[in-house]
Amino acid sequence: MRLLIRDIKTLVQIEERPTSMVSGSAMADLPSIDNAFLLLENGYIADFGAMENCPEYADKIINASGKMVFPTWCDSHTHLVYAGSREGEFVDRIRGLTYEEITRRGGGIMNSAKRLRDTPAEVLLENAYQRLLEVQSYGTGALEIKSGYGLNLDSELKMLRVIQRLKTMTEMTIKATFLGAHVIPQEYKENRTAYVDLIVDQMLPRIAEEGLADYCDVFCEKVAFSVAETERIIAAGQKYGLKAKIHTNQFNSMGGIQAAAKYDALSVDHLEVVNEEEIDCLKANKKMMSTLLPSAPFFLNDHYPPARKMIDAGLAVALATDFNPGSTPSGRMPFVLSLACVKMKMTPEEAINAATINGAYAIEEQTRLGSITRGKLANVFITKPMPSVAYMPYSFGTDLIETVIIKGKVI
Ligand code: NIG
Ligand code: FE
């Protein structure tokens, strides 16, 4: 099956030779071709170039005049599987409580855990699948999805099995992350060590045995897990071949970045609060992606990660949604890009690199996704007519994505 997209106003994010990520000043470059064609064959990108070299034959031809074609977004940090919603806490915050205060009262993540434990897997699956279809319509072609609302063996397994079933229901690329260490559940408040023991001695071996996770995550924060607990869990995950992707520095600098670096984590995520020493640590560990989630501080009315400072220091950053019922009830990658530009002073080109190739790196899919490169998966979207690339983050809240193609199939 040959699908030809022709007369493309701008074909965005092309790479003649694949790179694994872009960092620092290189993030400002977004190689593109005006008046271009893109040929997709059997689910892969077969060729692309200027219209003067456009092939004539194809099984299906789409005319994209006035429109742009992008590689789909790689949303490398989500909590897509959850039960219920938490708009009560949203109102509590409007009235003055903070996210951390709500967590300490047993709300927050524990609130979602109580609901998830009582929700059948079939219901979780159906709700998550609807969210998946929704984010796909926003141009997302790959997702990382975390557990972390089970917080006991059975319910963590239930979540991870739902993620495993989601993988079979879509052409999208999905990676599963075990986040048993999301918060200390109520019943272990007086005995934290027993909960960490449960994760290390029972949850991880079982999850590894069933092959249910690709990565292991810990929420390293004052309201969640200490650095010592985080290190213990990362080390245990590593024994089963699970690389770490760590929630850290959302509210406090307490050594989470350094702990992640010590264990060669794949990414550190959030980073709303980052000091000089931590920037130095990130500079010394450039294989570890810094994943920024600006929808979370938007929704919590908190401060944003110092993206400008990080990129100017030569670092790579990725952008993801953090889609979850507490801090980010939204999976809109285009809105994340707008926030990155407006609130973090990233340029549109930097934001697009962060949401495509760098997001792909953060789920180890950079050889198959994240750019328009011959041989990569045919995951692309066609926009509505647009005057320029900057129009994408500029027109925040407007749906600009017209056609989504995953593995060569028009969705
Ligand atoms: O990434 N910070 C920890 N975890 C999620 C929020 C989870 C929740 O509040 O349900 C986050 O923001
Ligand atoms: Fe998160």
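These are my notebook entries on two helix pairs and two loop residues, looked up in a predicted model.

**Entry 1, helices 5 and 6**

I began with helix 5, which covers residues 153-169, and helix 6, which covers residues 192-209; their axes come within 10 Å and cross at roughly 30°. Since angles under 35 degrees count as roughly parallel, I entered the two helices as roughly parallel to each other. I noted the hand of this crossing as right-handed. On the helix 5 side I listed Leu153, Glu156, Leu157, Leu160 and Arg161 as making the contact, and on the helix 6 side Gln202, Met203, Arg206 and Ile207. Sorting the residues of this contact by character gave me five nonpolar, one polar and three charged.

**Entry 2, Glu210**

I then followed the chain into the loop between helix 6 and strand 9 (215-220), where Glu210 is found. How exposed is Glu210? I have Glu210 down as partly exposed, because its relative accessibility is 28% and the partly exposed class lies between 20% and 50%. Leaving aside residues up to four places away in sequence, I found that Glu210 touches Leu157, Arg161 and Gln164. For Leu157 I also looked up the separation from Glu210, which is 53 residues in sequence and 9.4 Å in space, C-alpha to C-alpha. With Arg161, the side chain of Glu210 forms a polar contact of 2.9 Å. I recognised Leu157 and Arg161 from the previous entry, where both are listed on the helix 5 side of the contact with helix 6.

**Entry 3, helices 12 and 13**

Next I turned to helix 12 (residues 333-344) and helix 13 (residues 348-355), whose axes come within 9 Å and cross at roughly 135°. This angle lies between the perpendicular range, which ends at 115, and the antiparallel one, which begins over 145, and I therefore recorded the pair as oblique. Helix 12 passes helix 13 in a right-handed crossing. Helix 12 brings Met333, Leu337, Ala340 and Cys341 to the contact, while helix 13 brings Pro348, Ala351, Ile352 and Ala355. By character I counted eight nonpolar residues here, with no polar and no charged ones.

**Entry 4, Arg86**

My last look-up was Arg86, in the loop between strand 6 (73-78) and helix 1 (87-94). Is Arg86 buried or exposed? Its relative accessible area is 5%, and since buried means under 20%, I entered Arg86 as buried. Not counting residues up to four places away in sequence, Arg86 touches Tyr99, Gly108, Ile109, Asn111, Ser112, Tyr149, Pro325 and Gly326. With Ser112 I could add a side-chain to side-chain polar contact of 2.6 Å.

Notes. Residues numbered from 1 in each chain as written. Chains lettered and ligands numbered in written order. Predicted model: local features only at pLDDT ≥ 70, side-chain atom pairs only at ≥ 80, totals over all residues. Heavy atoms only, no water. Axes fitted to C-alpha atoms, helices over the stretch in contact; angles between N-to-C directions. Parallel < 35°, antiparallel > 145°, perpendicular 65-115°, else oblique. Left-handed = near helix turned anticlockwise from the far one by under 90°. Contact = heavy atoms within 4.5 Å. Nonpolar A, V, L, I, M, F, W, Y, C, P; charged D, E, K, R; others polar. Buried < 20%, exposed > 50% of the residue type's maximum accessible area, 1.4 Å probe, protein only. Polar contact = N/O pair within 3.5 Å; in protein donor to acceptor, adjacent residues only side chain to side chain.
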